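Trainee: Before we accept the labels attached to this model, could we go through the reasoning behind them one by one?
Mentor: Yes, let us set each value against its cut-off.

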Amino acid sequence: MINNDFELVQALLKHDEVVTREFFYKKCYPLFKSVYDNYHTDCSSCMEFINEIYIHLFSPDKKTGICKLEQFKFQSTLFTWLKTVCLFYCYKRYKRKVNVIETYCENSDVGVRNDVDYGSIEIDFSNLNRQDALTIIKQMPNKRYSELIRL
């Protein structure tokens, strides 16, 4: 296993399967389990939470095209930075859920659900030659799983 944070980040960015498995699913499992147990995640298991964080770290930003892991500046250890990312991720999910509940209570259209309000990820449909498959994926009720399938 790589001990240097710079080499570890480079291996993770290259999607090295062994390093990714060792780091995310073995070394950082206690961190993820602690966050999963103590904070709002909307996940049914700790493994699902790890997968969500992985996607969160490697999804490119719409404005810059750079993933969150590439934005790591080595001002702290990778483990500490990852803990901070997880906590902010959970906080944003919780805040979004609280806002949805408040909006739902104020909404006169009781029973109408808008998936955008529930934290679903909007999919960028820029590749038109896969339009049929993407149309089917877009119609799935659970936007989080449809995004996983699309990725």
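Trainee: Which residues is leucine 12 in contact with, leaving aside its neighbours within four places in sequence?
Mentor: In this predicted model, leucine 12 is in contact with Val19, Thr20, Phe23, Phe24, Phe58, Leu69 and Leu78, where contact requires heavy atoms within 4.5 Å. Leu12 also belongs to the largest nonpolar core, which has 29 residues, and is listed with Phe32, Phe49 and Leu78 as touching the most other members.

Trainee: Which helices supply at least two residues of this core?
Mentor: Helix H1 (5-13), H2, H3, H4 and helix H5 (78-106) each do so, and the largest share, 7 residues, comes from H5.

Trainee: Why is phenylalanine 24 called buried, and why is tyrosine 54 called partly exposed?
Mentor: Buried means under 20% relative accessible area, and phenylalanine 24 has 1%, so the label buried applies. Tyrosine 54 has a relative accessible area of 21%, which falls between the limits of 20% and 50%, and therefore counts as partly exposed.

Trainee: What makes the pair of phenylalanine 24 and tyrosine 54 edge-to-face?
Mentor: A search of the whole structure finds 8 aromatic pairs, and in this one the ring centres are 5.4 Å apart, with 80° between the planes. Centres within 6.5 Å make a pair and planes over 60 degrees apart make it edge-to-face, so both conditions are met. Because phenylalanine 24 lies in helix H2 (residues 17-27) and tyrosine 54 in helix H4 (residues 46-58), the pair ties together parts that are 30 residues apart in sequence. Both residues also belong to one aromatic cluster, together with Phe23, Phe32, Phe49 and Phe58.

Trainee: Why is the pair of phenylalanine 72 and tryptophan 81 called tilted?
Mentor: Their ring centres are 5.1 Å apart and their planes stand at 50°, which is neither under 30 degrees, as stacking needs, nor over 60, so the pair is tilted. Phenylalanine 72 and tryptophan 81 are both buried.

Trainee: How do you know that H3 and H4 are roughly perpendicular to each other?
Mentor: The axes of helix H3 (residues 29-38) and H4 come within 9 Å and cross at roughly 105°; since 65 to 115 degrees counts as roughly perpendicular, the description therefore holds. The contact is made by Tyr29, Phe32, Lys33, Val35 and Tyr36 of H3 and by Cys46, Met47, Phe49, Ile50 and Ile53 of H4, and these residues divide into 9 nonpolar, no polar and 1 charged.

Conventions:
Residues are numbered from 1 along each chain as its sequence is written. This is a predicted model: local features need pLDDT of at least 70, side-chain atom pairs count only at pLDDT 80 or more; totals for chains, interfaces and linings use all residues. Side-chain values use heavy atoms; hydrogens and water are left out. Rings of Phe, Tyr and Trp (its six-membered ring) pair if their centres lie within 6.5 Å; planes under 30 degrees apart count as stacked, over 60 as edge-to-face and the rest as tilted. Helices (H or I, at least four residues) and strands (E, at least two) are DSSP runs, numbered from the N terminus. Buried means under 20% relative accessible area, exposed over 50%, partly exposed in between (1.4 Å probe, protein chains only). Axes are lines fitted to C-alpha atoms, for helices over the stretch in contact, and angles run from 0 to 180 degrees between N-to-C directions. Angles under 35 degrees count as roughly parallel, over 145 as roughly antiparallel, 65 to 115 as roughly perpendicular and the rest as oblique. Ala, Val, Leu, Ile, Met, Phe, Trp, Tyr, Cys and Pro count as nonpolar, Asp, Glu, Lys and Arg as charged, and the others, Gly among them, as polar. A nonpolar core is a set of buried Ala, Val, Leu, Ile, Met, Phe, Trp, Tyr and Cys residues joined through side-chain atoms within 4.5 Å.
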